[in-house]
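The following note sets out some points on the model for a colleague's consideration. It begins with one loop and then turns to the fold, the core and the surface.

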Amino acid sequence: MIESLPRREREVFETLCRLGAGTTSAVRTAMGGSLSDSAVRTLLARLEAKALVARESGVDGVLYRPAPRPEALAVSALRRTVDTFFAGSAAGAATALLGLTQKLKPEELEALERAIDQARERGT
């Protein structure tokens, strides 16, 4: 559903996912201030009507957060990216991701090794 959103709605939603939660002003600021608070509020209301955003009263006013779990959205988005740009190859995508960084932290290397070991176990 996310990929079918209009561009501005998708931008607001992705920004809110990066923030985890935020006010209209926080979302606008994180987007670089390219939209007014009113425009962001309108886009958030549209996303809420589509059950993608939930709102609650907070100390600083109305607080918005993604309604679906961001982890589930991330898996879906990554799956689409792997299918689209890497012909479905998780190894190709992982190789490209590893090429983006010059140096991995020891804990990142350990996490990757665990993931590879788990993939081997599932494959047998």
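1. **Ala 87.** Ala 87 lies in the loop that links helix 4 (70–85) to helix 5 (90–99). The model is a predicted one, and the backbone here deserves a look: Ala 87 has a positive phi of about 50 degrees, although it is not a glycine. Its relative accessibility is 77%; because exposed means over 50%, Ala 87 counts as exposed.

2. **Ala 51.** A positive phi also occurs at Ala 51, where the angle is near 65 degrees in a residue other than glycine. Ala 51 is found in the loop between helix 3 and strand 1 (53–58). With a relative accessibility of 53%, Ala 51 counts as exposed.

3. **Order of elements.** The protein comprises 6 helices and 2 strands. Read from the N terminus, these elements run α-α-α-β-β-α-α-α, so the two strands stand between three helices on one side and three on the other in that order.

4. **Overall dimensions.** How does the radius of gyration of the protein stand against that of a compact globule of 124 residues? The protein has 18 Å, while such a globule would have a value near 14 Å. The C-alpha trace spans about 50 × 30 × 25 Å along its principal axes.

5. **Burial, contacts and surface.** Of the 124 residues, 19% count as buried. The accessible surface of the protein comes to about 8500 Å², and carbon and sulfur atoms account for 55% of that area. As for contacts between residues at least 6 apart in sequence, 42% of them join residues at least 24 apart.

6. **Nonpolar core.** The largest nonpolar core has 16 residues, and those with the most contacts inside it are Val 12, Phe 13, Leu 44, Leu 47 and Val 53. Two elements, helix 1 and helix 3 (37–49), give two or more residues to this core. Helix 3 gives the most, with 4 residues.

7. **Leu 47.** Which residues does Leu 47 contact, leaving aside its neighbours within four places in sequence? The partners are Leu 5, Glu 9, Val 12, Phe 13, Leu 52 and Val 53. Of these, Val 12, Phe 13 and Val 53 are also named among the residues with the most contacts inside the largest core.

8. **Thr 23.** Is Thr 23, in the loop between helix 1 (7–19) and helix 2 (24–30), buried or exposed? At 16% relative accessibility Thr 23 counts as buried, because the limit for that class is under 20%. Residues up to four places away in sequence not being counted, Thr 23 touches Asp 60, Val 62 and Leu 63.

9. **Ser 25.** Ser 25 is found in helix 2. Its relative accessible area is 32%, so Ser 25 is partly exposed. The C-alpha atoms of Ser 25 and Arg 41 are separated by 9.0 Å, the two residues being 16 residues apart along the chain.

10. **Nonpolar surface patch.** Leu 98, Leu 109 and Leu 112 make a nonpolar patch of about 230 Å² on the surface. Leu 112 lies in helix 6 (residues 106–123). At 34% relative accessibility Leu 112 counts as partly exposed, because that value falls between the 20% limit for buried and the 50% limit for exposed.

Notes:
Residues numbered from 1 in each chain as written. Predicted model: local features only at pLDDT ≥ 70, side-chain atom pairs only at ≥ 80, totals over all residues. Heavy atoms only, no water. Buried < 20%, exposed > 50% of the residue type's maximum accessible area, 1.4 Å probe, protein only. Contact = heavy atoms within 4.5 Å. Patch = residues over 30% accessible without salt bridge, like charges linked within 9 Å, V, L, I, M, F, W, Y side chains within 5 Å. Areas by Shrake-Rupley, 256 points an atom, 1.4 Å probe, with all protein chains shown as cover. Salt bridge = Lys/Arg side-chain N within 4 Å of Asp/Glu carboxyl O. Rg over C-alpha atoms; globule rule 2.2 N^0.38 Å. Core = buried A, V, L, I, M, F, W, Y, C linked by side-chain atoms within 4.5 Å.
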